[in-house]
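Colleague: Could you take me through one part of this model slowly, as you would for someone new to structures? I would like to look at the place where two domains meet.

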Amino acid sequence: MQGLMMDYELNVPAILRRADELYGDREIVSRLPDKSFHRASYAEVISRTKRLAVALRRLGLDDGDRVGTFMWNHHEHFEVYIGAPAGGFVTHTLNLRLHPDDNAYIATHAADRVLVVDKTLWPLAEQFVGRCAFEHVIAVGAGPTPDGALDYEELLAAADEGAFAYRNLDERSAAAMCYTSGTTGRPKGVLYSHRAIAIHALTVGPGIGLTTSDTVLPVVPMFHANAWCFPFSCAIVGAKQVFPGPHLDPVSLLEDFEQERVTVSAGVPTIWMGVLQALDANPGGWDLSPMRMMTVGGAAPPRAMIEAFGERHGLRVAHGWGMTEMSPVGTLSGLEEQEIGLETDEIYARRALQGPPIPFVEIRARGGEGLVPWDGATMGELEVRGPSVASAYYESPEADDRWTDDGWFKTGDIVTIRPDGYVEIQDRDKDLVKSGGEWISSVALENALMGHPAVAEAAVIAVPDAKWSERPLAVVVLAEGQSATPDELREHLEPHFAKWWLPERFEFVDEIPKTAVGKFRKTALREQFAAS
Ligand code: ADP
């Protein structure tokens with residue numbers, strides 16, 4: 001027997017319409033290149049969003065055509081995020097920290113017809129634009145428009161908002177696109193459907209308790225993994241949004257938090273490490289009392305950092321694990337309701353875990369002998385499925401082996417799962433240290449090392465070993481003015497790990513190279529140290 005419910009499409013236009021009808025007076029604030037603040041209401045931004053959709057159609061774009069973006073986080077980027085899919089097009093975010101060759105490849109592979117670019121980023125964009133088939137370049141922000149480009153403001157001014165109509169777009173059609181960073185092989189395109197975004201916005205937003213009374217500052221770049229879905233989950237509840245523009249240094253962020261009374265923020269661990277150092281250097285320097293949750297994800301945050309925020313500054317760090325391929329959130333920990341009745345030690349232990357899956361994400365882990373038990377001890381590769389998980393990469397059939405025969409996505413992350421469903425990421429498959437047939441978690445060693453007061457950052461990599469096949473090597477950045485010897489660091493690790501886990505070699509460096517989204521670039525470390 002069929003249910004008798006409407007076939008209502010879950011799509012971005014429906015998200016936009018809701019924000020349009022209900023939240024017009026809420027605010028969207030952006031930090032401009034000169035550090036001043038631009039303020040607008042949702043009503044003003046939504047009007048511009050609609051005009052953008054109309055203008056793109058007038059430029060000749062058809063349904064499904066890709067609109068590339070190359071921008072910092074600000075209201076214009078938000079306008080494209082929502083406006084392109086609301087008009088039937090597909091937003092494609094390009095990562096401004098990638099090499100121009102990679103962006104040339106990605107924009108060509110995705111067949112982007114338009115590029116919307118910050119004028120301040122033109123010197124970077126110029127290095128790949130000529131190699132792609134963009135038919136129009138639209139330049140955003142103050143200052144002169146590059147030759148041959150259209151000015152974003154002029155384009156919007158010429159578009160008639162009245163020509164915009166809310167369309168009942170097929171929820172299974174594409175709304176947005178984002179390429180994985182390509183740490184292995186060529187970057188691969190993930191193509192989000194309207195339905196995936198709508199369901200994800202509904203599970204992630206309320207999942208972290210997001211409401212209209214929140215003020216959200218996403219430090220995570222809008223080009224990283226669907227901006228963790230924040231543009232959509234904020235719009236659906238009408239949360240005030242604060243965009244940091246190009247100013248991602250800790251002090252600028254702390255100024256934004258204080259001035260705009262930010263309640264929720266989100267970024268990778270390196271961002272929060274910097275903020276913690278600034279707070280430690282100037283405790284009480286900023287009034288962060290409205291902040292109820294700083295979410296961290298993208299790489300494993302050290303427990304010591306999570307605990308330092310809580311104990312020294314009274315700030316809650318919530319922790320998410322996810323992937324570009326998952327829209328991108330998979331698990332969440334550090335939520336208030338998960339910690340009722342727990343002792344302090346257990347609270348921090350849990351926040352350092354990646355957490356249980358969010359609704360509509362199913363998990364299982366596979367070892368050499370099939371699926372592993374949820375015992376918190378047996379390691380296996382995490383597999384996932386759900387309505388916001390990719391079912392294939394865009395035009396990359398060579399990568400189809402990332403899916404199991406029964407349709408689950410193989411994450412490449414090695415995990416243990418506890419009986420209560422809490423996932424603990426042990427490593428990325430390719431970063432795991434395989435020593436004498438056993439597995440050593442580089443993540444666990446790194447986070448323990450970063451708990452030592454003299455250590456600012458630590459990355460552990462596998463180096464070849466004649467006897468054990470691989471052994472762990474620790475690359476350490478010492479905190480300013482601090483010192484520590486390899487023996488002292490080994491002693492610090494000893495109580496927590498089996499003896500054979502402890503690294504023999506420590507290398508002290510000034511800086512650990514980072515990827516385009518701020519994670520440790522272990523491939524570079526392996527090249528530097530594996531042979532020596
Ligand atoms: P990439 O890092 O390849 O640019 P993603 O941002 O999609 O692209 O990376 C997803 C990967 O990042 C996951 O597979 C996992 O290895 C790692 N990751 C993400 N969040 C966490 C986390 N909270 N803890 C540990 N690892 C994480």
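Modeller: Happy to; here is a walk through the interface of the two domains. This is a predicted model, in which local features need pLDDT of at least 70 and side-chain atom pairs count only at pLDDT 80 or more, while totals for chains, interfaces and linings use all residues. Residues are numbered from 1 along each chain as its sequence is written, and side-chain values use heavy atoms, leaving out hydrogens and water.

The domain assignment gives domain 1 (362–428) and domain 2 (433–529); such bounds come from an automatic or database assignment. Taken over C-alpha atoms, the centres of domain 1 and domain 2 are 26 Å apart.

Where do they touch? Six residues of domain 1 are in contact with seven residues of domain 2, contact meaning heavy atoms within 4.5 Å. Between them the two domains bury about 500 Å², with 55% of it on carbon and sulfur atoms. Buried area is the accessible area (1.4 Å probe) that two parts lose on being put together, summed over both. Of the area that domain 1 buries against domain 2, 73% comes from Met-379, Gln-426 and Asp-427, more than from any other three residues.

Now for the polar side. The rule finds zero salt bridges across this interface, a salt bridge being a side-chain nitrogen of Lys or Arg within 4 Å of a carboxyl oxygen of Asp or Glu. Two residue pairs are in polar contact between domain 1 and domain 2, both at pLDDT 80 or more. A polar contact is a pair of N or O atoms within 3.5 Å; within protein, one must be able to donate a hydrogen and the other to accept it, and residues adjacent in sequence count only if both atoms are side-chain atoms.
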